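Open the model in your viewer and keep the selection panel at hand. This tour tells you what to pick next and what you will find there.

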Amino acid sequence: MRSPQCSKKVLSRWKRSQSREQYIRTQYPAEVKAYRQNKNRVSIALVVLIDADTGGLHERFNQLAQALSEDSQKNRQSDEAIAIFVPKRNMETWIHYLQGEPVYEEDTYSKFLKNEAFCQPYIEILADQCRSQNLPENAPESLQTACGELQELLPLLEHGFWNWAISVGTSS
């Protein structure tokens with residue numbers, strides 16, 4: 001079987017006059033619409049990465065659902081390959097946790113500026129733990145939720161050769 005192909009769509013149109021979080025939230029309905037228009041002719045998935053910042057995890061999910069509603073779209077359905085990953089404060093919280101550090105989701109953790117490759121092994125550990133449903137119970141709530149999102153997404157992507165369309169960004 002051929003390996004999956006991955007095409008990334010990364011904040012290419014983001015303007016610094018708005019926060020990345022705001023851009024992702026306002027762009028979400030258009031990305032969902034594009035996913036829905038193409039899902040039957042191309043095997044694709046939409047993965048959204050957006051920080052909760054100082055708000056709550058479920059508040060961010062509700063904001064994205066509201067954005068779809070305001071665009072006269074139905075909320076994402078269980079048979080749609082759309083996953084939303086919402087780190088509570090920022091993505092770095094998850095990396096620091098995976099490094100074995102105690103973390104508090106309300107705190108801000110340092111970025112790995114100019115050393116993003118340092119995170120790769122930890123991301124691979126996380127992916128393996130999520131796939132095998134072996135994430136430790138003391139994992140941050142937002143990380144547990146993200147693993148649940150991945151678990152729902154994986155069966156939809158198991159069938160054959162697929163392209164992965166990703167809308168990625170964090171608001172930090």
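Which residues does Gln144 touch, not counting residues up to four places away in sequence? Select Gln144 and look around its side chain. Gln144 touches Leu135, Pro136, Glu137, Asn138 and Ala139, where contact means heavy atoms within 4.5 Å.

Before moving on, note the ground rules. This is a predicted model, in which local features need pLDDT of at least 70 and side-chain atom pairs count only at pLDDT 80 or more, while totals for chains, interfaces and linings use all residues. Residues are numbered from 1 along each chain as its sequence is written, and side-chain values use heavy atoms, with hydrogens and water left out.

**Stop 1: Gln144**

Stay on Gln144. It lies in helix H5. Helices (H or I, at least four residues) and strands (E, at least two) are DSSP runs, numbered from the N terminus. Gln144 is partly exposed, at 36% relative accessibility. The scale runs like this: buried is under 20% relative accessible area, exposed is over 50%, and partly exposed is in between, with a 1.4 Å probe and protein chains only. Now add Phe85 to the selection. Its C-alpha atom is 10.0 Å from that of Gln144, and the two residues are 59 apart along the chain.

**Stop 2: the whole chain**

Zoom out and switch to cartoon. You should find five helices and four strands. Trace them from the N terminus: the order is β-α-β-α-β-α-α-α-β. Color by accessibility next. Of the 172 residues, 43% are buried. Take the contacts with a separation of 6 or more: 67% of them join residues 24 or more positions apart.

**Stop 3: H4 against H5**

Select helix H4 (residues 120-131) and helix H5 (residues 141-157). Their axes are 9 Å apart and the packing angle is about 65°. Axes here are lines fitted to C-alpha atoms, for helices over the stretch in contact, and angles run from 0 to 180 degrees between N-to-C directions. H4 and H5 are therefore roughly perpendicular. The classes are: under 35 degrees, roughly parallel; over 145, roughly antiparallel; 65 to 115, roughly perpendicular; the rest, oblique.

Show side chains at the contact. From H4 come Leu126, Cys130 and Arg131; from H5 come Leu143, Cys147, Leu150, Gln151 and Leu154. By class, that is six nonpolar, one polar and one charged. Nonpolar covers Ala, Val, Leu, Ile, Met, Phe, Trp, Tyr, Cys and Pro; charged covers Asp, Glu, Lys and Arg; the others, Gly among them, are polar.

**Stop 4: the disulfide**

Keep Cys130 and Cys147 and hide the rest. They form a disulfide, with sulfur atoms 1.7 Å apart. The rule is a pair of cysteine sulfur atoms within 2.5 Å, and by it the count comes to one. The link is left-handed, with -45° about the S-S bond. It joins Cys130 in helix H4 to Cys147 in helix H5, 17 residues apart. Where do these cysteines sit, buried or exposed? Cys130 is buried at 5% relative accessibility, and Cys147 is buried at 7%. Select Cys119 too: at 11%, it also counts as buried.

**Stop 5: H3 against H4**

Bring back H4 and add helix H3 (residues 91-98). The angle is about 85° and the axes are 9 Å apart, so H3 is roughly perpendicular to H4. Trp94, Ile95 and Leu98 of H3 meet Tyr122, Ile123, Leu126 and Gln129 of H4. Six of these residues are nonpolar, one is polar and none is charged.

**Stop 6: H1 against H2**

Select helix H1 (residues 20-38) and H2. Their axes come within 9 Å and cross at roughly 45°. H1 and H2 are therefore oblique to each other. Glu21, Arg25, Tyr28, Pro29 and Val32 of H1 meet Arg60, Gln63, Leu64, Ala67 and Leu68 of H2. The tally is six nonpolar, one polar and three charged residues.

**Stop 7: two loop residues**

Most residues other than glycine have a negative phi. Select Ser72, in the loop between helix H2 (57-70) and strand E3 (82-85). Its phi is positive, about 60°. Ser72 is exposed at 72% relative accessibility. Finish at Gln133, in the loop between H4 and H5. Its phi is also positive, near 55°. Gln133 is exposed, with a relative accessible area of 63%.
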